Amino acid sequence: MFFAPTLRTARFAPRAYDRSFERFVNDAFAGARRSPLVEQDDKSWTLSLDVPGFTREDLAISIEGAVLRIDSKAEAKRQFKAAYELPQDIDVATSEAKLENGVLTLKLGKLVPVNQATQLQIN
């Protein structure tokens, strides 16, 4: 199969198509090494990600809302950067990370949304 990119004008090219194409190209050339294995239950997600050659001190994990970022620190021998957006906010208090034999396993708690609706009295 031969693949050739086509030129499109802005009015005929929705941005979602561009993002899909970017994801396809990134996955094709970066390989599956950055795609985590994801499992979930009612209370948490479990992500397993291959990071061979890294130690606990080499990696920094940050969570902001539903976005998880994993970066290598400046003093690490190799560089690594990945970000994943989950469908629901992450509960940092119930989350944990473990690095064992080159596999980073993250257990991320699901933050239960709080209903902040108040009742208004009808007069």
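This report walks through the two sheets of a predicted model and then looks at serine 72.

## Model and confidence

Since this is a predicted model, local features need pLDDT of at least 70 and side-chain atom pairs count only at pLDDT 80 or more, while totals for chains, interfaces and linings use all residues. Residues are numbered from 1 along each chain as its sequence is written, and side-chain values use heavy atoms, with hydrogens and water left out.

The pLDDT is the predictor's confidence in each residue, from 0 to 100. For the protein chain the average is 82, and 72% of the residues score at least 70. Confidence is lowest in helix H1 (residues 15-30), with a mean of 59, and highest in S3, at 97. Helices (H or I, at least four residues) and strands (E, at least two) are DSSP runs, numbered from the N terminus.

## The four-strand sheet

Let's start with the open sheet of four strands, which has the order S1-S2-S7-S6 and antiparallel pairing. Its edge strands are S1 (37-40) and S6 (90-100), each of which pairs on one side only. From one strand to the next, the twist averages 15 degrees; axes are lines fitted to C-alpha atoms (for helices over the stretch in contact), and angles run from 0 to 180 degrees between N-to-C directions.

Two strands pair if DSSP finds at least two bridges between them. S1 and strand S2 (residues 44-50) run antiparallel and are joined by four bridges. Glutamine 40 has tryptophan 45, in S2, as its bridge partner.

## The three-strand sheet

Here the open sheet follows the order S3-S4-S5, again with antiparallel pairing. Strands S3 (59-64) and S5 (81-85) stand at the edges with a single partner strand each, so one side of each is left without a neighbour in the sheet. The twist averages 10 degrees from one strand to the next.

S3 and S4 run antiparallel, joined by six bridges. Across this pair, serine 62 stands opposite arginine 69 in S4.

## A look at serine 72

Serine 72 lies in strand S4 (residues 67-72). Its relative accessibility is 12%, so serine 72 counts as buried (under 20% relative accessible area, with exposed over 50% and partly exposed in between; 1.4 Å probe, protein chains only).

Beyond its neighbours within four places in sequence, serine 72 is in contact (heavy atoms within 4.5 Å) with Phe54, Asp58, Leu59, Arg78, Gln79 and Phe80. With glutamine 79, the side chains make a polar contact at 3.2 Å. A polar contact is a pair of N or O atoms within 3.5 Å; within protein, one must be able to donate a hydrogen and the other to accept it, and residues adjacent in sequence count only if both atoms are side-chain atoms.
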